[in-house]
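Colleague: Could you walk me through reading cavities and helix packing in a model?
Modeller: Sure, let's look at one together.
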Amino acid sequence: MTLIARPGWQRDAARPIWPGVHRHLRLPEGLGLPTAVTLTALLLGALPFLRLAIAALAPGWQFAPEAALEQIGSRAAVNATLHTLETAGFSALAALLIGGAVALALSVTDLRHKRPLAFFFVFSMMIAPQVAALAFLSLFAPHSPILGVLGLSPAPGTPNPLLGRGGIILVMALHHAPLVAITLWTGLRSVPHSLVEAAQMEGAGPATIVARILLPVLRPQIIAAALIAFVAGIGNFGIPALLGLPVNYLTLPTLIYRRLASFGPAGLSDAAALSLLVALVAGCGILASVLATRRAGGKVEIERPLQPFWTLGRARPLVAGALWTLLALKLGLPFLALLCEALTPALGVALSWQSLTLDKFTEVLLRQDVTMRAFRNSFLFAGSAALLLALISIGFAYALERRMGRFRRVVELVIELPYALPGVVLAIACILLFLKPLPLLGVSLYATPFIILFAYLARFLPLALKAPVAAMAQIEAHHEEAAKLDGASLWQMLRFIVAPILAPAASVSGLMVFLVAFNELTVSALLWSSGTETLGVVLFSLKEAGLAGEAAAVAISASLIILAVMLGLDLCGKRLPRNVLPWRI
């Protein structure tokens, strides 16, 4: 194939790219893009954590780890570490059981309506953890209208049974179960259907095939899924904050939050040491997950991926009913209780046509400056991060797939660092990095919207790269070779050849970033200042102030926005690369 050169592709070789800049001052074209990608990865992925390590181990730029070790070994830190391991470990095991059962049921059986089941199961994870915690608190509160209708409402004044360790484990398990399911769906796609056919020829039944073939084959993915849920539990802030702080049950993220809330910048050194402890605990889980997935071996070429082989027969309505019941308990009833709380004029008032009111929605959406500003800020921060990451993901995807060579994996590890480690660690790292004015510029990003935007860019860059890198791997190189023969420069090739092909995947990645960033709390809870409040921060503040109805209205409104974006993505699913949308199984 020969491409026709576009106007302006040819240029005088002696003419510099920018006036006044001589050609010998530029990097060779083949090194320019990889260098830019590497420097950006170091800026977003490595520099913040390097600054964190220096602050913890070398305060005042003098190596003195004694203070950090003393802080890590304090009674409060030890108790918080035990609480963190306890809640993350038990919730990961429960999430593995729930998510594994859902993944197998939707992958290997002949259930009907799999797409809506998978969609709402993943939607329950896309909503913010603090929203999920608030919904369950409303469901099990003594004034809960749902429990009142069922005759199960606790006596007035009874403590909410979800406050404390048990509630944190339950809500985190339900919230992280879709993570397990998505990981196992990915593993099931790589299983050749010929294994099932061979077992069926030997007379093996569906249960035997699952127990003796699929589960052993998926063992690395099962271990990785449990570890992913464990790491997510280590860094979860929203659920332990709403369910643990009221009863003084502290995990490491909430301990760091309380230290900073109590001491401000003076507590940064303690927070840095505790953040290193969080990073160490999470890092062990991440390393174990990587080792588990490596044991799965390299890529295997399969003629036909796994197809549903378990015919349920008369049991199909029972299995379908169990899955829809799980969704009702996980998503439906908690949000119905949240909606009832937002529609009643005061706590304890029974919801009826006479008492129903939209005053709380009007208050948070049209009257309160802080909530209106939070909606604007969340749209602005999440939208800006999504747009910027969608744009740069095209250049990153091309560089990683075509130009990085053996150095690619190193760059990818640096990029993935902020996404893999808990958000509280990134937040403390950003505070330390930008607390003082920037060198040469003399401008400080601390207490400005730009520090939140930087943190979002660093944290969600790996998510933005997933679809474009997958799409770039499917593009044959002859397009680029033809463009080079026609005299196209690297920039022109990216603009006219690569960008149009990767644009759909980059757009999807941008929307996925928006979904995750819109309700984000873990990072912004430590980085916000007056005027830069996000929805997650405002919801948490309203709940702490006792304004549960207003918090419920904010949570319902934000969740409806997430649902609308997911529905829009699902409608465009046929035009998108395969396996980009996690709920399209």
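What follows is a short talk about a cavity and a helix pair.

Modeller: This is a predicted model, where local features need pLDDT of at least 70 and side-chain atom pairs pLDDT 80 or more, while totals for chains, interfaces and linings use all residues. Residues are numbered from 1 along each chain as its sequence is written, and side-chain values use heavy atoms, without hydrogens and water.

Colleague: How many cavities of 30 Å³ or more does the structure hold?
Modeller: Rolling a probe the size of a water molecule over the atoms shows where empty space is left. Here there are 3 such cavities (sets of points on a 1 Å grid over the protein atoms alone where a 1.4 Å probe fits but cannot get out). The second largest has about 70 Å³ of space, a volume being what probe spheres set on the points fill, with points joined across faces, edges and corners.

Colleague: Which element gives the most to the lining of the second largest cavity?
Modeller: Lining residues have an atom within 4 Å of a point. Helix 14 gives the most, 4 residues, and the lining includes K330, L331, P334 and F335. Helices are DSSP runs (H or I, at least four residues), numbered from the N terminus.

Colleague: And how do helix 16 and helix 23 cross?
Modeller: Their axes, lines fitted to C-alpha atoms over the stretch in contact, make angles from 0 to 180 degrees between N-to-C directions. Helix 16 (residues 369–403) and helix 23 (residues 535–544) come within 8 Å, crossing at roughly 150°. They are therefore roughly antiparallel (over 145 degrees). In contact (heavy atoms within 4.5 Å), V370, T371, A374, F375 and S378 of helix 16 meet L535, V538 and L542 of helix 23.

Technical notes: On a 1 Å grid over the protein atoms alone, a cavity is a set of points where a 1.4 Å probe fits but cannot get out, and a pocket is an open set with protein on both sides within 12 Å along at least five of seven lines; lining residues have an atom within 4 Å of a point. Helices (H or I, at least four residues) and strands (E, at least two) are DSSP runs, numbered from the N terminus. Angles under 35 degrees count as roughly parallel, over 145 as roughly antiparallel, 65 to 115 as roughly perpendicular and the rest as oblique.
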